[in-house]
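Thanks for coming. I will talk about how two parts of one chain meet, and I will keep it short.

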Amino acid sequence: MSSEMLEEVADIGVQAKGLKNIHFTNWSQTYSCQPSLYFIPKDIEELREIIFYAKSTNKKLRVVGCGHSPSDICCTDDYMINLRLFNNVLSINCDTNTVKVEAGITLTELNSYLDTHKLALPVLGSVSDITIGGVISTGTHGTGAKFGVLAEYVLDLELINTSGDTIKCSRNENSDVFLSALCGLGAIGIIVRLTIQCEPAFLLYEYTYPSTLDEILPDLDDEVNGCDHFRMLWFPHTNLVSVCNNNRIYNKEITKYSQSQKVVNWFCNYAIGYYTLEFAYWLSTYCQPLVPYINRLWFWLQYSRPKERIDLSNKVFNFECLFKQHVNEWSIPREKTAKVLLDLKHWIDTTPNIYVHFPVEIRFVKEDDIYLSPAFGRDSTFINIIMYRPYGKDVSHTQYWDSYEKLMKEAGGRPHWAKAHREKASDFVKMYPYFRAWTQVRKRLDPINLLINSYLNRVLMDS
Ligand SMILES: Cc1cc2nc3c(=O)[nH]c(=O)nc-3n(C[C@H](O)[C@H](O)[C@H](O)COP(=O)(O)OP(=O)(O)OC[C@H]3O[C@@H](n4cnc5c(N)ncnc54)[C@H](O)[C@@H]3O)c2cc1C
């Protein structure tokens, strides 16, 4: 949000001011909205004032983190609250490896704070320029057979409900609120503080090597269980995969690159892996049969040789997510992984005029008991499909999405909450044993539906 956007300010009380004419767009520029007022409260008193003001003016409220969710989950035409000033670390305990933070802190800020205290988050997703509040509210995950969604590492939290009351919760106190708020979609209350279980800082040894679906799928369980953090990228229209094993490593040095190696890395990652790829996919929008050749060529250019490196955990977990994209991601029971991937491959290979971008990313998450976590009650595999939008140009993806979702549903899948999906309450009741319990907690804490937007209306529609 730039300063020239702060055109008008509505003075609504002693402290809080709402900004007008703010245009919100999510990271992938696929959804946007124009909230009638946009608030950046500096403390809980201001937050309460905004809640009361919204109620008195009959408006809805939506909290936004960094707006990275590739769906309309944050969108509202009423009032939007940005908690970016709630970004403080409140306390740290290096004996228990725990840290108490405000919910608007970004993972980038948290990683660097933890690093100076020789601690780290146990697992991360692909990026860290997202808030801890947003991360836990959508079931954000990384990968690793023994690692849960990031919300699993929250020990307790405080939220403000729509009466303006502070509610503290944990597994021992208000546990139903806790297990609802951990994947609360911004609907259970406004999370202001939380305590997170960390671990001593660690380095990761990353080993990436080329393989094929035929080679990797028969022993997938051994592969996934055989290292701390396993993930793989499959290149559709081919049998090729890039396999990535990450393991904690001690008493070793971070990999140092010479100046010339840094230039080579930049050339591979950016010149080829970003700018040329974006151009190639843009060209393919005029000649779609190019796509399989692009996928195969980029595998050969970037992924056909084994690579290894050692670095700080957050540097290895995170990677560049390239240019704007449509994504779709569901979780399925882990034992269904091979069948679903082979079925998806068969569909892509046999359907005329279907051309899909690489990669299909496959990650693994430990089961949990968070009411709306996509990994609730089962070790899960997340399969993420992607269609880039080169230079912002839209590419057709509906047929791909439809077939992928059909396969995921047949396998008992659940959509990632942050990503654009089309499911509604009647589907979620079947997917989540505690969906009704979650809706009851929501109703209790927000009886006037203050925190509801059109995304949540769909989720709750016929519940
Ligand atoms: C490039 C990229 C890479 C990604 N990689 C991964 C990945 O590896 N794994 C994965 O699982 N996901 C991934 N995602 C999805 C991302 O992790 C989620 O969308 C996450 O929610 C984004 O955090 P945010 O701060 O931007 O939240 P937002 O998108 O701003 O908000 C998400 C939700 O959280 C709610 N919320 C935010 N703060 C609070 C609060 N304090 N109290 C209550 N509710 C709150 C909002 O109301 C909204 O419902 C990725 C997204 C992008 C764009």
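Across the interface of domain 1 and domain 2 the rule finds 3 salt bridges, a salt bridge being a side-chain nitrogen of Lys or Arg within 4 Å of a carboxyl oxygen of Asp or Glu. One pairing of this kind joins the side chains of Glu152 and Lys366, at 3.9 Å from N to O.

Before going on, the ground rules. This is a predicted model, where local features need pLDDT of at least 70 and side-chain atom pairs count only at pLDDT 80 or more, while totals for chains, interfaces and linings use all residues. Residues are numbered from 1 along each chain as its sequence is written, and side-chain values use heavy atoms, with hydrogens and water left out.

Now the domains themselves. Domain 1 covers 89-200 and domain 2 covers 203-415; the bounds come from an automatic or database domain assignment. Their C-alpha centres lie 26 Å apart.

How many residues are in contact between the two domains? There are 30 in domain 1 and 27 in domain 2, with contact meaning heavy atoms within 4.5 Å. Together the domains bury about 2500 Å², 55% of it on carbon and sulfur atoms. Buried area here is the accessible area (1.4 Å probe) that two parts lose on being put together, summed over both.

That is the interface: 3 salt bridges by the rule, and about 2500 Å² buried between domain 1 and domain 2.
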